[in-house]
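Fancy working through a fold with a few short exercises? Have a look at the chain below before reading on.

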Amino acid sequence: MAINLQKGQRIEIGLEKVGVGLGWDPNQGSGFDFDLDASAFMLGANKKTPLDEFFVFYNNQVSPDGAVESSGDDLTGGNSDGGDDETITVDLNKVDPRINEILFTATIHEAENRRQNFGQVHNSYIRVYNALTNEEIARYDLDEDFSIETAVEFGRLYRRNGVWKFEAIGNGFKGGLQQLVNKYCY
């Protein structure tokens, strides 16, 4: 039975291969499709990617160590019919030893031009599941009203004393993907 996480709650993962699914339902009638993008930032002890290639997103779908892989870009969020819109698979046995944390984010493509924000998106969630059995382990439903934010840090896997854990974050930012790249990449 899956655990419903609250913001800031942490759990031990205890798996080798983890799936991270992100889902959302855009509001209708804004004139444009909502193109949300899931990304993963693989961070070292300094909270930065050791190389740009440790930023996994639609233009770089596999990390250099082969540990993190993106499902690709769902351009409308309408392909899932209530399920995950985009997924990121993590093989924890392959994670480069320089990596202490894998941060999972979602951003709205061309949010400023389209006048879109996360306040116009509902039923947003991140879920962690066993990638070998598809059994859901934990889920965090984003229930805050991010009326000006165009980027959200949903959650993170982090290594503490050799054990991988997951934390629900739910922090929003203005500035979209570029804001996150500026924060986490060199």
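What follows is a set of exercises on this predicted model, each with a worked solution.

**Exercise 1. The overall build**

Work out how many helices and strands the protein has, and in what pattern they follow one another.

*Solution.*
Step 1: Count the elements. The secondary structure comes to two helices and twelve strands.
Step 2: Walk along the sequence. The pattern reads β-β-β-β-β-β-β-β-α-β-β-β-β-α.
Step 3: Check the overall dimensions. The radius of gyration is 15 Å, close to the 16 Å that the globule rule gives for 186 residues, so the protein is as compact as a globular protein of that length. Its C-alpha atoms fill a box of roughly 45 × 40 × 25 Å along the principal axes.
Step 4: Look at burial and contacts. Buried residues account for 52% of the 186 residues. Of the contacts with a separation of 6 or more, 71% come from residues 24 or more positions apart.

**Exercise 2. The six-stranded sheet**

Find the strand order of the open sheet, and say which strands sit at its edges.

*Solution.*
Step 1: Recall how strands get together. Strands of a sheet pair through backbone hydrogen bonds, either parallel or antiparallel.
Step 2: Put the six strands in order. They run E2-E12-E11-E8-E4-E5, with antiparallel pairing.
Step 3: Pick out the edges. Strand E2 (10–12) and strand E5 (55–56) each pair on one side only.
Step 4: Go through some of the pairings. E4 (residues 36–43) is joined to E8 (residues 101–108) by eight bridges. Between E8 and E11 there are seven bridges, with Leu103 partnered by Arg156 in E11. E11 and E12 share nine bridges, and here Leu157 stands opposite Phe166.
Step 5: Add the turn. E11 and E12 form a hairpin with two residues between them, and Asn161 in that turn has a positive phi of about 55°.

**Exercise 3. The helix on the sheet**

Which residues of helix H2 are buried, and what covers them?

*Solution.*
Step 1: Place the helix. H2 (residues 176–184) packs on the sheet, where it touches E4, E5, E8, E11 (151–160) and E12 (163–173). The direction of H2 makes about 0° with that of E4.
Step 2: List its buried residues. They are Gly176, Leu177, Leu180 and Tyr184. These cover an arc of only 120° around the axis, which puts them on the same side of H2.
Step 3: Tie that to helix geometry. An α-helix has 3.6 residues a turn, so residues three or four places apart point the same way.
Step 4: Name the cover. What lies over the buried residues of H2 includes E4, E5, E8, E11 and E12.

**Exercise 4. Zooming in on Ser39**

Is Ser39 buried or exposed, and which residues does Ser39 touch?

*Solution.*
Step 1: Locate the residue. Ser39 lies in strand E4 and stands opposite Thr105 in E8.
Step 2: Apply the cut-off. Buried means under 20% relative accessible area. Ser39 has 0% relative accessibility, so Ser39 counts as buried.
Step 3: Collect the neighbours. Leaving out residues up to four places away in sequence, Ser39 touches Phe55, Val56, Phe57, Ile88, Leu103, Phe104, Thr105 and Leu177. One of these, Leu177, is also among the buried residues of H2.

**Exercise 5. Charges that link the strands**

How many salt bridges does the count come to, and which residues are linked with Glu167 in a network?

*Solution.*
Step 1: Take the total. The count comes to ten salt bridges.
Step 2: Start from Glu167. Its side chain meets that of Arg10 in a salt bridge (3.3 Å, N to O). Glu167 lies in strand E12 and Arg10 in strand E2, so the pair ties together parts that are 157 residues apart in sequence.
Step 3: Follow Glu167 to Arg156. Their side chains meet in a salt bridge too (2.6 Å, N to O). Arg156 lies in strand E11, so this pair ties together parts that are eleven residues apart in sequence.
Step 4: Compare burial. Arg156 and Glu167 are both buried, whereas Arg10, at 42% relative accessibility, counts as partly exposed.
Step 5: Complete the network. Arg10, Lys47, Glu101, Arg156 and Glu167 are linked by salt bridges.
Step 6: Check the helix as well. Glu153 forms a salt bridge with Lys183, with the closest N and O atoms 3.3 Å apart. Glu153 lies in strand E11 and Lys183 in helix H2, so the pair ties together parts that are 30 residues apart in sequence. Glu153 is buried at 3% relative accessible area, while Lys183 is partly exposed at 34%.

Technical notes. Residues are numbered from 1 along each chain as its sequence is written. This is a predicted model: local features need pLDDT of at least 70, side-chain atom pairs count only at pLDDT 80 or more; totals for chains, interfaces and linings use all residues. Side-chain values use heavy atoms; hydrogens and water are left out. Two strands pair if DSSP finds at least two bridges between them. Helices (H or I, at least four residues) and strands (E, at least two) are DSSP runs, numbered from the N terminus. Contact means heavy atoms within 4.5 Å. Axes are lines fitted to C-alpha atoms, for helices over the stretch in contact, and angles run from 0 to 180 degrees between N-to-C directions. Buried means under 20% relative accessible area, exposed over 50%, partly exposed in between (1.4 Å probe, protein chains only). The arc is that of the directions from the helix axis to the C-beta atoms. A salt bridge is a side-chain nitrogen of Lys or Arg within 4 Å of a carboxyl oxygen of Asp or Glu. The radius of gyration is taken over C-alpha atoms; the globule rule is 2.2 Å times the number of residues to the power 0.38.
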